[in-house]
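The exercises below are to be worked through with the sequence and the coordinates side by side. Each task is followed by a solution that proceeds in steps.

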Amino acid sequence: IRMKGVDIACPSADVIAPAHNMPFEDSSYDMIVSFDCMEHIPEEEVELSYREFSRIADRIYLKICLTHSETTIDDQPVHVCIKPKEWWLELSKKYFPNAEIRRHERVGQPGENITIYGDNRKDA
């Protein structure tokens, strides 16, 4: 199994890059897996990130928090893109047409989460 950890800020990541501009060839990976990342991406970069995901991989598995976090950095919220599940699903379907919410849960703090799976392979 070939895997790479990508993060924009973590110095121990395999690759340091933003989600919307990763240094990989087209169709480099079978799947992009992201846990608790998308809500940290500024709204104006979220669709660019989806476009990049669809360029790099055929499938996505994204866990997204739908609520604000009490955590701040320099008095700024860390969850900068809080949108309803319908918004995330619609955007997912734009790049992964059969995307669906596989899991929807409320787990207390930080709040409500969804997991979206999408597959854009022709034989899926």
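**Exercise 1.** Determine the handedness of the β-α-β unit made by β3, α1 and β4, and describe how its two strands pair.

*Solution.* In this predicted model, the unit formed by β3, α1 and β4 is right-handed. Next, take the strands themselves: β3 (residues 29-35) and β4 pair in the parallel sense, over six bridges. One pair to locate is Val 33, whose bridge partner in β4 is Tyr 61. Finally, turn to the pairing of β4 with β8, which is antiparallel and runs over seven bridges; here Leu 62 stands opposite Ile 116 in β8.

**Exercise 2.** Work out which residues of helix α2 (residues 85-95) are buried, and why they lie on the same side.

*Solution.* Begin by listing the buried residues of α2, namely Trp 88, Leu 89, Leu 91, Ser 92 and Tyr 95. These lie on the same side of α2 because they cover an arc of only 165 degrees around the axis. As a check, look at the other side of α2, where Glu 90 and Lys 94 are exposed. Then ask what the buried residues pack against: their partners are α1 (43-56), β4 (57-65), β7 (100-106) and β8 (112-119).

**Exercise 3.** Classify Glu 105 as buried, partly exposed or exposed, and find its contacts.

*Solution.* Glu 105 lies in strand β7. Its relative accessible area is 22%, and since buried requires under 20%, Glu 105 counts as partly exposed. Leaving aside neighbours within four places in sequence, Glu 105 is in contact with Gly 111, Glu 112 and Asn 113. In addition, its side chain and that of Arg 103 are joined by a polar contact of 2.7 Å.

Notes:
Residues numbered from 1 in each chain as written. Predicted model: local features only at pLDDT ≥ 70, side-chain atom pairs only at ≥ 80, totals over all residues. Heavy atoms only, no water. Buried < 20%, exposed > 50% of the residue type's maximum accessible area, 1.4 Å probe, protein only. Helix = DSSP H or I, 4+ residues; strand = E, 2+ residues; numbered from the N terminus. Arc of directions from axis to C-beta. Contact = heavy atoms within 4.5 Å. Polar contact = N/O pair within 3.5 Å; in protein donor to acceptor, adjacent residues only side chain to side chain. Pairing = 2+ DSSP bridges. Right-handed = clockwise from strand over helix to strand, strands pointing away.
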